[in-house]
Amino acid sequence: MSNESQQAYLFFEEGALNGQRFAIEKRSIILGRGGHDTECDIVLPERQVSRQHAEIYFQSGRYYLRDLGSKNGTYVNGQAVSIPVEIYDGDVIQIALCERARFVGADATLPLDEIESLYGLRLDPESRRVWIGSREVDPPLSPAQYRLIDLLFEQVGRVCTRDEIVEHVWLEAERDGVTEQAIDALVRRLRDRLAEIDPEGEYIVTIRGHGFRMDPSGGRR
């Protein structure tokens, strides 16, 4: 299930993860608020969400969704899930009615790049081109700016630490001399380039004391 053309995804349309994309790369993924003793594949940081709220699993060539005894329920296309239900391309999944995601099946007819364009930010790794909606960032980003946005985009849904950024962006021989000010300057320049296309968007979120997180929707809720 690792081939992108045969990959299923969740695209979040409402809630704390609005605009973010998650590939369903395992035969079973758990969605929930998580906690010190509870691990989830997709963490939904909402108090209405149970620690382990719902599961999407792959069985006999099909995807299914089941509620894990949550307090506030799991819904597909507005219907409460009481027993495991098969999910199809385009189905809307709601977690506790505060997070809404659209399921994009492995057999989706709409190409992934077109789907992504609906959610704001889009990258083409081969050409290193970047779009916001239908508008391309032009002139192209510098190599360092592209490596930074590529890292943040690939890690959508989690915070990238400064150490991770240094390792991904700078050559090994340069890393020892990279300061926090240099990282902040690079983030600021990248934000400025994205603002040329979308002045109101907030695509790179600073998580104080931890690092930076990508929001492909530009922070729109």
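**Strand pairing, aromatic contacts and cavities**

In the predicted model, I132 stands opposite R135 of strand β14. This contact belongs to the pairing of β13, which covers residues 129-132, with β14; the two strands run in the antiparallel sense and are joined over 2 bridges. Both strands are part of an open sheet made of 3 strands, arranged in the order β12-β13-β14 with antiparallel pairing. The edges of this sheet are formed by β12 (121-124) and β14 (135-136), each of which pairs on one side only. In general terms, the strands of a sheet pair through backbone hydrogen bonds, and the pairing may be parallel or antiparallel.

A second set of pairings involves β5, β6 and β9. Strand β5 (residues 54-59) pairs with strand β6 (residues 62-67) over 6 bridges in the antiparallel sense, and within this pairing E55 is placed opposite R66 of β6. The two strands form a hairpin with 2 residues between them, and S60, located in the turn, has a positive phi of about 55°. Strand β6 also pairs with β9 (residues 85-87), again in the antiparallel sense, over 3 bridges. Here Y64 faces E86 of β9.

Another hairpin is formed by β1 and β2, with 6 residues between the strands; in its turn, G15 shows a positive phi of about 100°. The pairing of β1 with β2 is antiparallel and extends over 4 bridges, with L10 opposite F22 of β2. The side chains of β2 alternate along the strand. F22 and I24 point to one face and are buried, whereas R21 and A23 point to the other face and are not buried.

Aromatic contacts were examined next. A pair of aromatic rings is described by the distance of the centres and the angle of the planes. The structure contains 5 aromatic pairs. One of them, formed by Y9 and F11, is tilted, with 6.1 Å from centre to centre and 40° between the planes. Y9 and F11 are both buried. A further pair consists of F12 and F22, which meet edge-to-face at 5.7 Å centre to centre, with 85° between the planes. Because F12 lies in strand β1 (residues 8-14) and F22 in strand β2 (residues 21-24), this pair ties together parts that are 10 residues apart in sequence. F12 and F22 are likewise buried. In addition, ring pairs link F58, Y63 and F103 into a cluster.

The interior was also searched for enclosed space. Rolling a probe the size of a water molecule over the atoms shows where empty space is left. The search gave 2 cavities of 30 Å³ or more. The largest cavity has a volume of about 50 Å³, and its lining is formed by L10, F12, L31, I56, L65, I93, I95, E99, R100 and A101. At least two lining residues come from each of β1, β10 (92-95) and β11 (99-104). Of these elements, β11 gives the most to the lining, with 3 residues. By class, the lining of the largest cavity comprises 8 nonpolar residues, no polar residues and 2 charged residues. F12 thus appears both in this lining and in the edge-to-face pair with F22, while L10, another lining residue, stands opposite F22 in the pairing of strands.

The second largest cavity has a volume of about 30 Å³. Its lining consists of R128, R129, V130, E136, V137, P140 and L141. These residues divide into 4 nonpolar, no polar and 3 charged.

Finally, the cysteines were considered. A disulfide is a covalent bond between the sulfur atoms of two cysteines. The search of the whole structure found 0 disulfides. C40 has a relative accessible area of 17% and is therefore buried, as the limit for this class is under 20%. By the same limit, C98 counts as buried at 15% relative accessibility.

Methods: Residues numbered from 1 in each chain as written. Predicted model: local features only at pLDDT ≥ 70, side-chain atom pairs only at ≥ 80, totals over all residues. Heavy atoms only, no water. Disulfide = S-S within 2.5 Å. Buried < 20%, exposed > 50% of the residue type's maximum accessible area, 1.4 Å probe, protein only. Phe/Tyr/Trp six-rings, centres within 6.5 Å; stacked < 30°, edge-to-face > 60°. 1 Å grid on protein atoms, 1.4 Å probe; cavity = no way out; pocket = protein on both sides within 12 Å on 5 of 7 lines; lining within 4 Å. Points joined across faces, edges and corners; volume = space filled by probe spheres on them. Nonpolar A, V, L, I, M, F, W, Y, C, P; charged D, E, K, R; others polar. Pairing = 2+ DSSP bridges.
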